[in-house]
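Here is a short set of exercises to work through with the model open beside you. Try each task before reading on to its solution.

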Amino acid sequence: MSLRKVPEGVRSWFAGELEIWRDAGILTPEQTGQIASLYESSEAVAARRGSWLVFILMGVASLLIALAALLLVGYNWEALPKFVKLAVVFGVILGLHGTGFYLKFARGKKFAAELAFFAGCLAYGIGIWQVAQIYHIESHYPNGIWIWAVGALPFALCLETPLLHALFVALMAIWAGTEMLGFGNVLFRWWLPPNGAYSLPFLVAPGLYWAYRKNSRVAVALYVPLLAWWLVLQPTTWGFHAELNIYFVGLCGALLVLVAQLHPNESKLAIPYRFFGVIIVGGVLTALSFYEFNKDIFGRSFGYYSSNANNIEKVFLQLLAATGVVVAAAVITTVSAALVASRRDGTANSFRNSIYSLISREWLPIALLAAMALVPIAALAASSLGETAVVVIPTIFGNVGMIALGLWLLWFGLHTDRGRPFAAGVSIILLWAACRYGDLFANLGGMLGAAAVFFLCGVALFAAALYWKKRKAISHE
């Protein structure tokens with residue numbers, strides 16, 4: 001049976017508790033030793049931490065050596081015959097991957113094999129461009145990045161660490177950005193959709209499955225921002241009206257928060273979704289809370305809305321298309337989570353009860369999704385009332401949304417006894433207070449007013465820290 005791995009702080013605390021139980025006669029020395037033998041020793045933990053440091057350093061070293069080899073070969077590249085160039089390219093790729101297989105299966109050196117495969121995947125990418133250069137192949141250059149990423153994916157799925165996943169994610173992010181920002185409208189004809197990098201979610205799905213199967217929070221934290229990046233670029237690719245983009249970004253952030261909350265409470269895999277979702281939603285709400293920002297972004301479009309009814313209809317259809325996909329994804333995710341919960345329950349009407357429980361418990365992300373979809377519709381409908389109505393509606397939503405998000409994070413942190421969501425909630429509320437001072441009263445208060453605001457925010461943070469400390473002390477009594 002393999003030894004159980006625990007963080008060093010938990011291991012040290014548990015070792016101290018074992019000694020107390022042994023001295024109190026609760027456990028015999030033999031029982032204490034048997035229990036301690038189920039967990040890694042402090043020496044093993046230190047060795048594992050050191051091996052990870054060496055692994056990271058050697059990964060960086062492999063990258064630098066690969067770049068050095070590339071420059072060395074490139075210096076004399078033009079003088080080499082074509083067959084020699086091909087032999088060098090394929091020889092390096094096959095040699096590095098062969099070394100990886102030997103180290104992993106013949107010698108059992110997992111980390112060294114990972115480094116060899118990583119260097120082999122780097123060489124594979126370099127080889128794509130070298131072969132194209134040898135035969136003067138001129139093509140759509142993002143295709144080379146896509147082929148490189150697809151070639152690295154099988155190795156990422158078959159190995160033990162997220163190193164190759166990081167390479168795959170970086171390549172897919174670069175590919176999606178170059179395709180959608182540089183060539184988004186290349187295929188945009190009435191019979192063809194724009195170039196939206198639609199293979200990305202299908203290629204990401206195996207990596208996310210690997211991350212969940214391995215319970216790897218690091219790998220999940222790599223794939224979540226990649227999917228968010230792909231989603232956020234879609235409105236730009238489809239040529240949506242500019243002011244709709246911020247709402248779509250907010251929709252993506254609310255979807256990430258919802259997906260995080262649909263995980264089991266004890267799951268650490270929910271943290272990346274919640275972290276990136278709160279950052280995205282918080283940034284969008286902070287921008288929308290400023291009247292001048294909304295006036296600059298949405299007020300300038302008032303003339304476009306009011307000049308022609310067809311303009312309003314066009315933007316409305318774009319809005320439905322942009323929000324429909326995200327809302328549909330949210331509904332599918334919620335229903336899937338309810339199905340999983342009802343199967344665990346196994347009682348009559350459990351699916352209906354699970355849906356009701358999820359909706360009532362996760363009211364904030366669901367409300368944010370609904371608001372991000374409905375607020376621009378309301379602002380669009382209010383364009384007949386004048387420019388002020390178009391600007392005021394998102395401003396009110398931004399302020400109410402910031403306060404609601406902060407209070408929800410406070411409640412979530414207290415409810416789950418987690419300090420980081422609690423601190424995030426306090427920070428968002430204080431950020432809202434500071435923004436409103438700068439937005440409304442900066443000219444009146446001047447430097448003294450700013451000093452008072454900073455002082456009050458510091459006092460509030462200090463009080464929140466003392467409250468959390470007292471709460472933790474009470475919970476451990």
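About 50 Å³ of space lies in the second largest cavity, and the structure, a predicted model, holds 2 cavities of 30 Å³ or more.

**Exercise 1. The lining of a cavity**

Task: find which residues line the second largest cavity, and sort them by class.

Solution.

Step 1. Start with the idea behind the search: rolling a probe the size of a water molecule over the atoms shows where empty space is left.

Step 2. Collect the lining residues. They are Ala260, Gln261, His263, Pro264, Asn265, Ser267, Ala270, Arg274, Phe412, Thr416 and Arg418.

Step 3. Assign them to elements. Two or more lining residues come from each of helix H10 (244-261), helix H11 (270-288) and helix H17 (387-416).

Step 4. Sort by class. The lining has 4 nonpolar, 5 polar and 2 charged residues.

Step 5. Look at one lining residue, Thr416. Thr416 belongs to helix H17 and is partly exposed, since its relative accessible area is 22%. Between its C-alpha atom and that of Glu266 there are 9.1 Å, although 150 residues separate the two along the chain.

**Exercise 2. Checking helix H17**

Task: compare the expected span of H17 with the distance between its end C-alpha atoms.

Solution.

Step 1. H17 has 30 residues, and at 1.5 Å a residue they should span 44 Å. The expected span takes 1.5 Å times one less than the number of residues.

Step 2. The end C-alpha atoms of H17 lie 44 Å apart, which agrees with the expected span.

Step 3. Now step past the end of the helix. Asp417 follows H17 and has a positive phi, near 60 degrees.

**Exercise 3. Aromatic pairs**

Task: decide how the rings of Phe168 and Tyr223 are arranged, and then do likewise for Trp408 and Phe412.

Solution.

Step 1. Begin with the total: there are 6 aromatic pairs.

Step 2. For Phe168 and Tyr223, the ring centres are 6.3 Å apart and the planes make 50 degrees, so this pair is tilted. The class follows because planes under 30 degrees apart count as stacked and those over 60 as edge-to-face, with the rest tilted.

Step 3. Place that pair on the chain. Phe168 is in helix H7 (residues 163-182) and Tyr223 in helix H9 (residues 217-238), so the pair links distant parts of the chain, 55 residues apart. Phe168 counts as buried, at 0% relative accessibility, and Tyr223 is buried at 0% too.

Step 4. Turn to Trp408 and Phe412, whose rings are stacked: 5.6 Å from centre to centre, with 20 degrees between the planes. The two residues are 4 apart in helix H17, which means that about one helical turn separates them.

Step 5. Check their accessibility. Trp408 is buried, with a relative accessible area of 1%, and Phe412 counts as buried at 5%. Phe412 also appears in the cavity lining of Exercise 1.

Step 6. Look for a group of rings as well. Phe101, Phe105, Phe117 and Phe155 form one aromatic cluster. Over the ring of Phe105 sits the charged end of Lys104, 6.0 Å from the ring centre.

**Exercise 4. Two residues of helix H10**

Task: say whether Phe248 and Leu258 are buried or exposed, and how far each lies from a partner distant in sequence.

Solution.

Step 1. Phe248 is found in helix H10 and is buried, with a relative accessible area of 6%. Its C-alpha atom is 7.5 Å from that of Met372, and the two positions lie 124 residues apart in chain numbering.

Step 2. Leu258 is also found in helix H10, and is buried at 2% relative accessible area. Leu258 and Trp363 are 105 residues apart in sequence, with 9.3 Å between their C-alpha atoms.

**Exercise 5. Positive phi in two loops**

Task: which loops hold Ala197 and Asn215, and is each residue buried or exposed?

Solution.

Step 1. Ala197 is not a glycine, yet its phi is positive, about 50 degrees. Ala197 lies in the loop between H7 and helix H8 (200-213) and is buried, with a relative accessible area of 2%.

Step 2. Asn215, likewise not a glycine, has a positive phi of about 55 degrees. The loop between H8 and H9 holds Asn215, which counts as exposed at 55% relative accessibility.

Notes. Residues are numbered from 1 along each chain as its sequence is written. This is a predicted model: local features need pLDDT of at least 70, side-chain atom pairs count only at pLDDT 80 or more; totals for chains, interfaces and linings use all residues. Side-chain values use heavy atoms; hydrogens and water are left out. On a 1 Å grid over the protein atoms alone, a cavity is a set of points where a 1.4 Å probe fits but cannot get out, and a pocket is an open set with protein on both sides within 12 Å along at least five of seven lines; lining residues have an atom within 4 Å of a point. Grid points are joined across faces, edges and corners, and a volume is the space filled by probe spheres set on the points. Ala, Val, Leu, Ile, Met, Phe, Trp, Tyr, Cys and Pro count as nonpolar, Asp, Glu, Lys and Arg as charged, and the others, Gly among them, as polar. Rings of Phe, Tyr and Trp (its six-membered ring) pair if their centres lie within 6.5 Å; planes under 30 degrees apart count as stacked, over 60 as edge-to-face and the rest as tilted. Buried means under 20% relative accessible area, exposed over 50%, partly exposed in between (1.4 Å probe, protein chains only). A charge sits over a ring if NZ of Lys or CZ of Arg is within 6 Å of the ring centre and within 35 degrees of the ring normal.
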